[in-house]
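Biologist: Please put the model on the screen. I would like to ask how some of its labels were reached.

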Amino acid sequence: MKILLKKTGQVIYACEECDATWLSLEDIFDDEKGEDLIDYLETLGYIKEGIEVAWDDFRKNQGFVTLQDVEHIIKKYNIKIIPPTPL
């Protein structure tokens with residue numbers, strides 16, 4: 001997911017399933033660059049331990065990452081897209 005942090009205008013990228021978070025799309029391809037969403041938001045002061053999180057106060061979902069979003073990365077790293085096989 002693309003997430004807009006309202007206070008700074010920064011867009012971050014988070015995995016919907018595991019909450020891994022990256023600061024850029026290119027960082028997704030680097031094992032060293034991901035971090036936990038909650039930990040990252042705590043370092044920025046958006047979340048404080050023991051206080052209920054009001055997600056909509058500081059973030060806005062921008063939808064899923066699209067193929068167009070990563071087109072330049074696909075070309076840069078010569079990534080091959082393999083279509084799914086029919087069932």
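**Labels and their reasons**

Modeller: Strands β1 and β2 form a hairpin with four residues between them, and G9 in the turn has a positive phi of about 80°. Keep in mind that this is a predicted model.

Biologist: What makes β1 and β2 a pair of strands?

Modeller: A pair needs at least two bridges. Four bridges join β1 (residues 2–5) to β2 (residues 10–14), so the two count as paired. They run antiparallel, and I3 has I12 as its bridge partner in β2.

Biologist: How do you know that β1 also pairs with β5?

Modeller: By the same kind of reasoning. Three bridges join β1 to β5 (residues 59–61), and the cut-off is at least two, so this is a pair as well. These strands run antiparallel. In β5, K60 is the bridge partner of L4.

Biologist: Why are C15 and C18 not called a disulfide?

Modeller: A disulfide requires the sulfur atoms to be within 2.5 Å. The closest cysteine sulfur to that of C15 is in C18, 3.5 Å away, which is too far for a bond. C18 is therefore in no disulfide. The count for the model is zero disulfides.

Biologist: Why is C18 called exposed, and C15 partly exposed?

Modeller: Exposed means over 50% relative accessible area, and C18 has 51%, so the label applies. C15 has 25%, which lies between the 20% and 50% limits, so C15 is partly exposed.

Biologist: What makes K2 and D69 a salt bridge?

Modeller: The nitrogen and oxygen must be within 4 Å. In this pair the closest N and O atoms are 3.0 Å apart, so the label holds. K2 lies in β1 and D69 in helix α3 (residues 67–76), so the pair ties together parts that are 67 residues apart in sequence.

Biologist: Is K2 buried or exposed?

Modeller: K2 has a relative accessible area of 17%, and buried means under 20%, so K2 is buried. D69, at 23%, is partly exposed.

Biologist: How many salt bridges are there in the whole structure?

Modeller: The search finds four. Among them is E26 with K76, at 2.6 Å from N to O. E26 is in the loop between β3 and β4, K76 is in helix α3, and the two are 50 residues apart. Another is R59 with D56, where the closest N and O atoms are 3.8 Å apart. That value is within 4 Å, so this pair counts too.

Notes. Residues are numbered from 1 along each chain as its sequence is written. This is a predicted model: local features need pLDDT of at least 70, side-chain atom pairs count only at pLDDT 80 or more; totals for chains, interfaces and linings use all residues. Side-chain values use heavy atoms; hydrogens and water are left out. Buried means under 20% relative accessible area, exposed over 50%, partly exposed in between (1.4 Å probe, protein chains only). A salt bridge is a side-chain nitrogen of Lys or Arg within 4 Å of a carboxyl oxygen of Asp or Glu.
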